[in-house]
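Subject: Structure for you to look through

Hello,

I am passing a structure on to you, and I would ask you to keep it open while you read, since my notes below follow it from one region to another. Please take your time with each part before going on to the next.

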Amino acid sequence: KNKKRVFSGVQPTGQMHIGNYVGALSLWVENQKKYDNIFCIVDLHALTIPESIEPQYLRKKVKQVAALYLACGIEPEQSTIFVQSHVPQHSELTWLLNCVTPIGWLERMTQFKSKSKKLESVGTGLFDYPVLMASDILLYKTDLVPVGEDQKQHIEITRDIAQRFNHLYGEVLKVPEELIRKSGARIMSFDDPEAKMSKSTGENKKRHAIGLLDSPETIRETIMSATTDSNRETRFDYASPGILNMLTLYQVLTGQSRAEIESHFSDGKYGKLKKELVEVVIETLKPIQKKYNRIINEETYLDDVLKEGEEKATEIAVDTMDNVKKSMGL
Ligand code: ADP
Ligand code: NA
């Protein structure tokens with residue numbers, strides 16, 4: 001089998017939302033059979049802005065994300081699922097790549113700029129986040145990285161780091177490519193359609209996001225109160241950001257064409273769009289929630305899946321580290 005290798009991950013922070021599902025997880029599941037997949041729960045990344053210093057908190061979040069991977073349709077028979085910190089080679093490669101990464105490249109990262117602005121004290125780890133992410137990807141000789149739009153710049157720097165390493169030490173690292181949805185790669189929040197839906201905001205602000213575990217009542221309240229406008233415009237090319245966001249969600253979740261959707265909502269009544277989107281989201285999340293509840297109550301099953309994933313991931317990671325170290329004279 002000569003399948004291309006896919007690597008991607010989610011941080012165990014906040015509440016996983018419909019944006020994570022549309023932009024990342026649903027794409028992983030759609031392509032699962034086509035590729036050789038590695039899906040990681042990136043707990044080391046979660047430490048860059050810790051939500052709590054309670055060890056139990058992070059442990060619980062890691063389990064939640066792992067269970068959501070499975071609930072969304074990632075199958076352990078098809079894909080390797082593991083926790084980043086269980087494979088120490090991620091941290092080890094990060095140090096080596098730090099030594100070939102100019103700090104100017106990191107200073108340009110927009111995510112660092114926006115995240116650090118909100119903090120009183122900025123950890124070195126937040127600044128170095130892109131190098132850890134490059135290590136995650138490069139460790140597995142990855143061909144494709146399916147992510148949302150917000151990660152585009154991080155994939156570009158990963159390519160730059162790999163190319164610089166190869167230039168200095170020989171052709172050791174595979175240079176990966178991004179896999180980004182044409183539509184749905186950047187789901188906006190319901191309360192402020194200028195802002196990306198994000199996990200940490202979603203946990204603290206009502207009506208910002210739809211969590212994958214939200215109840216039908218919460219989903220209904222969030223969508224029905226979403227920010228709209230007075231234009232009555234339901235065509236993709238002309239809609240305001242809030243309406244475009246709902247049309248896009250509707251499109252990705254139903255699989256219908258833009259033309260079909262535009263003609264269905266051609267009367268320009270936003271109430272109809274909202275009501276039907278509520279139903280589509282509830283129907284999408286119902287089986288996911290059912291499966292999640294089953295998995296999360298079966299502690300050993302999840303541990304077994306993650307243990308097996310760790311073993312498979314380690315095998316590849318060790319091989320890459322051998323080549324990297326040899327090429328650097330270590
Ligand atoms: P968040 O930014 O919400 O904290 P992560 O950084 O853990 O989430 O990202 C997990 C995956 O979900 C990444 O592939 C990311 O690009 C994708 N993603 C995050 N937010 C969105 C969004 N609003 N729309 C589409 N994809 C998203
Ligand atoms: Na993100």
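The largest nonpolar core of this predicted model has 79 residues, and those that touch the most other members are Ile18, Ile41, Val65, Ala66, Leu68 and Tyr69. Both domain 1 (5-181 + 299-328) and domain 2 (199-293) give residues to this core, and it therefore lies between them. If you would like one residue to begin with, take Ala66, which, once its neighbours within four places in sequence are left aside, is in contact with Ile41, Ile81, Leu302 and Leu306.

From the core you can step back to the domains themselves. The protein is divided into domain 1, which is made of 5-181 together with 299-328, and domain 2, which covers 199-293. Their C-alpha centres lie 29 Å apart, and where the two domains meet, 14 residues of domain 1 are in contact with 14 residues of domain 2. On the side of domain 1 that touches domain 2, the elements that give two or more residues are helix 1 (18-30) and helix 3 (55-71), and of these helix 1 gives the most, with four residues. Sorted by class, that side of domain 1 has eight nonpolar, five polar and one charged residues.

Two arginines also deserve a careful look at their backbone angles. Most residues other than glycine have a negative phi. Arg207, however, has a positive phi of about 70° although it is not a glycine, and you will find Arg207 in the loop between helix 9 (199-204) and helix 10 (216-224). Arg232 likewise has a positive phi, near 55°, and this residue is found in the loop between helix 10 and helix 11 (241-254).

Are these two arginines buried, partly exposed or exposed? Arg207 has 18 other C-beta atoms within 10 Å, a count below the 20 needed for a buried residue but above the limit of 12 for an exposed one, and so it is partly exposed. Arg232 has 11 C-beta neighbours inside 10 Å, which falls within the limit of 12 or fewer, and therefore Arg232 counts as exposed.

Finally, a word on confidence, which you should keep in mind when reading any prediction. The protein averages a pLDDT of 96, and 100% of the residues score at least 70, while the model scores ipTM 0.97 and pTM 0.96.

With best wishes

Conventions. Residues are numbered from 1 along each chain as its sequence is written. Chains are lettered from A and ligands numbered from 1 in the order in which they are written. This is a predicted model: local features need pLDDT of at least 70, side-chain atom pairs count only at pLDDT 80 or more; totals for chains, interfaces and linings use all residues. A nonpolar core is a set of buried Ala, Val, Leu, Ile, Met, Phe, Trp, Tyr and Cys residues joined through C-beta atoms within 7 Å. Domain bounds come from an automatic or database domain assignment. Two residues are in contact if their C-beta atoms, placed from the backbone, lie within 7 Å. Ala, Val, Leu, Ile, Met, Phe, Trp, Tyr, Cys and Pro count as nonpolar, Asp, Glu, Lys and Arg as charged, and the others, Gly among them, as polar. pLDDT is the predictor's confidence in each residue, from 0 to 100.
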